[in-house]
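User: Hey, can you walk me through this one? I'd like to start with how the strands pair up.

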There are 2 protein chains.
Amino acid sequence: MKIREIGERAIIDRISNSLPHNAVLSAGEDDCAVMDWGGNYLLLTIDMLHKSTDFPDKMVPWQIGWMSVAVNLSDIAAMGGCPIAIATALGLPADTEISFVDEIIEGMNFCARMFSTNIVGGDTDEHDELTTVCTALGCVKKNELLRRSGAQIGDLVCVTGELGTAEAGLQAMSMDIPEYVEKILTKKLFEPRPRVNEGIALAKSGVVTSMMDISDGLALSLYDLGKSSNKGFIIDEDKIPILDETMVVSPDLELPLYGGGDFELLFTVRSDGIEKAKNVCKLTIIGEVTSGDILIKRSGVMSKIAARGHEHFS
Amino acid sequence: MKIREIGERAIIDRISNSLPHNAVLSAGEDDCAVMDWGGNYLLLTIDMLHKSTDFPDKMVPWQIGWMSVAVNLSDIAAMGGCPIAIATALGLPADTEISFVDEIIEGMNFCARMFSTNIVGGDTDEHDELTTVCTALGCVKKNELLRRSGAQIGDLVCVTGELGTAEAGLQAMSMDIPEYVEKILTKKLFEPRPRVNEGIALAKSGVVTSMMDISDGLALSLYDLGKSSNKGFIIDEDKIPILDETMVVSPDLELPLYGGGDFELLFTVRSDGIEKAKNVCKLTIIGEVTSGDILIKRSGVMSKIAARGHEHFS
């Protein structure tokens with residue numbers, strides 16, 4: 001059987017399940033692999049991006065660098081971690097201009113520095129297609145680690161930022177819409193802001209019960225969080241935060257539910273701790289944790305959210 | 001200017017020099033990036049391999065997995081470190097057989113377990129060309145870290161294993177030589193043995209003054225070690241350890257001096273500590289540290305070793 005027949009998530013599950021490991025959590029189970037290290041946990045994550053899938057022609061090399069680091073920092077953020085270091089491997093066509101590489105590195109460095117970390121090393125390789133791989137090392141105090149498991153019935157479901165923006169940016173590029181709208185959306189797509197500071201603050205607040213980042217869309221993330229926590233959710237359609245510019249691209253819920261690339265945080269908060277969470281992080285409450293299915297409430301009517309979203313090999 | 005005009009080493013230097021970092025050493029300066037972590041140093045390294053350059057057709061997927069992990073462990077070994085965890089990003093064509101991926105993972109896992117570590121996580125991505133990236137996290141006690149700098153005049157230059165074997169294996173595949181010779185050589189090429197245990201033992205011995213791994217050939221490694229330590233070397237031609245099978249492919253010094261892919265350790269030992277080093281590690285003394293050039297002595301005559309070897313983009 002070919003991998004395109006089973007899809008990326010099944011491949012990752014298959015690999016994770018085949019690997020014995022002594023980590024507290026493997027990256028198949030959560031956003032990062034988690035290793036016990038004295039009073040702390042070390043967090044390790046790796047992400048591969050490449051031209052044809054991840055870097056549209058309108059993206060400048062600085063943004064390629066920024067995004068390559070940002071997606072890793074988002075994984076560290078998703079567990080409440082503080083980034084320690086980034087390393088990168090660049091696969092570059094031999095006829096790449098040196099200035100192009102310089103700009104990628106500048107973007108990587110800018111993003112790393114913005115979140116108080118550094119690019120400490122890497123590798124380069126000759127490659128037909130531009131490929132960037134970054135790995136991020138982070139750490140978190142043991143009692144502050146936020147996992148995908150931990151959501152309790154009655155907890156409030158929250159997100160940072162707005163949803164569907166990145167997918168709207170992707171679609172906007174091939175649509176006839178005002179240029180300023182396209183610019184706002186593609187900037188969010190090309191320069192995703194990892195929620196490092198929010199993740200750390202939420203972890204320290206002590207009122208968050210589970211967390212992950214929304215890299216492949218809200219729907220798939222709810223299914224991941226639900227599976228790890230063994231819970232369900234009721235999401236309120238009216239509460240999902242969406243930029244006005246996203247509504248210009250598509251007014252329905254397709255983009256915020258199923259679009260990838262937002263890198264916002266999805267987390268659950270004890271209902272008696274929601275004010276504390278609000279004090280440390282700009283958030284939107286979009287629903288609550290239940291014992292049942294993963295549902296959306298539209299005009300008072302419940303329906304099941306489909307388990308689909310952004311996935312490679314499919 | 002295109003990157004092929006300046007080559008991989010110049011690119012890496014350029015990137016390293018452009019990056020401010022708070023690491024003790026960046027990976028541009030040594031085999032791993034080194035981060036201060038209480039009484040220890042954390043070591044981080046990343047390596048990208050791909051089909052057209054690194055995985056000849058005769059290599060089976062298990063070996064692709066093994067090699068992908070081994071090259072990373074070799075970097076950790078080169079600093080005297082103990083591996084903590086491996087993460088991997090796999091770029092896979094969508095029509096890859098699942099069994100092929102399973103075998104890669106099995107090879108990765110086998111290599112990791114052989115050296116007391118684990119694959120703790122990763123990422124997959126759809127990619128035209130099979131690409132594997134591994135990152136290894138390691139640690140070493142502060143007083144045991146072995147750097148490229150540190151060689152002193154009069155120290156003995158040593159290596160583990162034999163040199164030129166991997167390059168001989170590469171050439172053997174297109175030569176008309178006995179099959180058993182080709183098999184011995186290609187096994188060394190396809191399944192490089194990272195010198196993790198040797199690296200740790202040498203670091204603990206307290207008599208090693210500098211160390212690195214020989215991934216791009218002895219010549220380039222001597223230049224790297226010489227530059228970092230600000231020293232020269234006299235290497236004795238007769239002492240370079242070479243397998244008989246390598247001599248079948250080529251009887252001169254081209255392979256052991258300039259061939260890549262061996263992943264042996266190159267290190268310098270205080271002359272009064274050589275017995276101690278020999279007690280903890282099978283090694284060969286190939287020369288000594290000087291204040292001058294990087295020279296080879298053949299039949300009593302000195303000549304300069306050329307600064308060339310395995311390099312991408314050139």
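User: Which residue is the bridge partner of Asp213(B) in S9(B)?

Analyst: That's Leu265(B). Keep in mind that this is a predicted model.

User: OK, and how many bridges join S7(B) to strand S9 of chain B?

Analyst: There are 5 bridges between S7(B) and S9(B), which covers residues 265–269, and the two strands run antiparallel. As background, strands in a sheet pair through backbone hydrogen bonds, and they can do that either parallel or antiparallel.

User: In what order do the strands of that chain B sheet come?

Analyst: The order is S7-S9-S6-S10-S8-S11-S12 in chain B, which makes 7 strands in an open sheet with mixed pairing. Its edge strands are S7 (208–213) and S12 (301–304) of chain B, each pairing on one side only. On average, neighbouring strands in this sheet are turned by 25 degrees against each other, ignoring direction.

User: What about chain A, what order do the strands take there?

Analyst: In chain A, 7 strands form an open sheet in the order S7-S9-S6-S10-S8-S11-S12, with mixed pairing.

User: Why is one side of S7 and of S12 in chain A left without a neighbour in the sheet?

Analyst: S7 (208–213) and S12 (301–304) of chain A stand at the edges and have a single partner strand each, so one side of each has no neighbour in the sheet.

User: And which strand is joined to S12(A)?

Analyst: Strand S11 of chain A, residues 294–298, is joined to S12(A) by 4 bridges, and they run antiparallel. For instance, Leu295(A) has Lys304(A) as its bridge partner in S12(A).

User: Switching topic: how much area do chain B and chain A bury between them?

Analyst: About 6,100 Å², with 65% of it on carbon and sulfur atoms. The contact takes 68 residues from chain B and 68 residues from chain A.

User: How many salt bridges are there between the two chains?

Analyst: The count between chain B and chain A is 2. Glu97(B) pairs with Lys2(A), with the closest N and O atoms 3.1 Å apart. Glu97(A) likewise forms a salt bridge with Lys2(B), and there the closest N and O atoms are 3.1 Å apart. In that second pair, Glu97(A) sits in the loop between strand S3 (82–92) and helix H4 (98–114) of chain A, while Lys2(B) is in the segment before H1 of chain B.

User: How many salt bridges does the structure hold over all chains?

Analyst: It holds 31 over all chains.

User: Back to the interface, how many residue pairs are in polar contact across it?

Analyst: There are 18 such pairs between chain B and chain A, counting pairs where both residues are at pLDDT 80 or more. On the side of chain B that touches chain A, the elements supplying at least two residues each include helix H1 (7–18), strand S2 (40–50) and helix H4 (98–114).

User: What kinds of residues does that side of chain B divide into?

Analyst: The residues of chain B that touch chain A divide into 35 nonpolar, 18 polar and 15 charged.

Key
Residues are numbered from 1 along each chain as its sequence is written. Chains are lettered from A and ligands numbered from 1 in the order in which they are written. This is a predicted model: local features need pLDDT of at least 70, side-chain atom pairs count only at pLDDT 80 or more; totals for chains, interfaces and linings use all residues. Side-chain values use heavy atoms; hydrogens and water are left out. Two strands pair if DSSP finds at least two bridges between them. Axes are lines fitted to C-alpha atoms, for helices over the stretch in contact, and angles run from 0 to 180 degrees between N-to-C directions. Contact means heavy atoms within 4.5 Å. Buried area is the accessible area (1.4 Å probe) that two parts lose on being put together, summed over both. A salt bridge is a side-chain nitrogen of Lys or Arg within 4 Å of a carboxyl oxygen of Asp or Glu. A polar contact is a pair of N or O atoms within 3.5 Å; within protein, one must be able to donate a hydrogen and the other to accept it, and residues adjacent in sequence count only if both atoms are side-chain atoms. Ala, Val, Leu, Ile, Met, Phe, Trp, Tyr, Cys and Pro count as nonpolar, Asp, Glu, Lys and Arg as charged, and the others, Gly among them, as polar.
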